[in-house]
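Visitor: Hi, could you walk me through this one? I'm new to reading structures, so plain words please.

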2 protein chains.
Amino acid sequence: MKQEINENVLFDAAELFKCFADSTRIRILHSLISKERSVNEIADLLNMNQSAISHQLRILKDAKLIKKRRDGKTIYYSLDDDHVYNIIAQGIEHVEE
Amino acid sequence: MKQEINENVLFDAAELFKCFADSTRIRILHSLISKERSVNEIADLLNMNQSAISHQLRILKDAKLIKKRRDGKTIYYSLDDDHVYNIIAQGIEHVEE
DNA sequence: TGAATATATGAACATTTGTTCATATGTATT
DNA sequence: AATACATATGAACAAATGTTCATATATTCA
């Protein structure tokens, strides 16, 4: 690995890890592992207000970790990256030791 | 995975990911993949002052991601966790897509 | 013991970050 | 068109974070 990595890649990776580095966002990601969910559904699940969730969803969307799909008035979010599960799993493995 | 996870574990995982969510820290971790390094060596490598590096090393140490070893006046840091390499590798895979 | 070298630490400061509030946008229904 | 519902967004604020500076601690060597 080492040789191919330049500063920019590590910088970008740090940006990516910021998505996982917040309780709200990692809980959102975790809640999407099993299935897609609407914004209000997530807000209820995490017991937080809708605006806070929307703000965080945008961050996750910008990082290309989740995608959205509209169905009438409702917008459903789901995971958009295979690494999400693995990254969370590795993190949990570490903290559970 | 889903079922076994409670809020605390996700909270702890978020704390862990904070270590990877900063340019300086992820560069330190990356620099330690190949070999152990002294504080000054890391500071030189990253072109940052020694104090800044020491502060970040403490955070990584507290998270149990690195360990230290003294040899005379010099303290050598090295990785202390198998997940570090994998977590960084997954992150890089995502950003390189 | 005193000087030199390596690392650690506390305080201060500027910057970044997450949430809330108010409100805007978009869609469906009557 | 008017209303209701779902989501998005900008501004404001408090809290958390990363770096710098000054200085403390620890070790070696003369």
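Guide: Sure, let's start at DNA strand D: 26 residues surround it, and the closest are S51(A), Y77(A), T24(B), N49(B) and S51(B). A residue counts as near a strand if one of its heavy atoms lies within 4 Å of it. Sugar and phosphate account for 64% of the atoms of DNA strand D that come within 4 Å of the protein.

Visitor: Where do these positions come from, and how are things labelled?

Guide: This is a predicted model, where local features need pLDDT of at least 70 and side-chain atom pairs count only at pLDDT 80 or more, while totals for chains, interfaces and linings use all residues. Residues are numbered from 1 along each chain as its sequence is written, chains are lettered from A and ligands numbered from 1 in the order in which they are written, and side-chain values use heavy atoms, with hydrogens and water left out.

Visitor: Ok. What does S51(A) touch on DNA strand D?

Guide: A base oxygen: a polar side-chain atom of S51(A) lies 2.6 Å from it. For polar contacts with DNA, think of a pair of N or O atoms within 3.5 Å.

Visitor: And which part of DNA strand D does R25(B) reach?

Guide: A phosphate oxygen, with a polar side-chain atom of R25(B) 2.8 Å away. Q56(B) also has a polar side-chain atom 2.8 Å from a phosphate oxygen of that strand.

Visitor: Which helix gives the most to the surface near DNA strand D?

Guide: That's α4(A), with 5 residues. Helices here are DSSP runs (H or I, at least four residues), numbered from the N terminus.

Visitor: Switching over, which residues come nearest to DNA strand C?

Guide: Of the 26 residues around DNA strand C, the nearest are T24(A), R25(A), S51(A), S51(B) and Y77(B). T24(A) has a polar side-chain atom 2.7 Å from a phosphate oxygen of DNA strand C. For K68(B), a polar side-chain atom sits 3.2 Å from a phosphate oxygen of this strand. V39(B) uses a backbone N or O atom instead, 3.3 Å from a phosphate oxygen.

Visitor: Which helix gives the most there?

Guide: α4(B) does, with 5 residues.

Visitor: Last thing: how do chains A and B relate?

Guide: A rotation of 180° with 0.0 Å of shift along its axis superposes chain B on chain A, with an RMSD of 0.0 Å (least squares on C-alpha atoms of residues with pLDDT of at least 70 in both). That is the relation of a two-fold axis.

Methods
Polar contact = N/O pair within 3.5 Å; in protein donor to acceptor, adjacent residues only side chain to side chain. Helix = DSSP H or I, 4+ residues; strand = E, 2+ residues; numbered from the N terminus.
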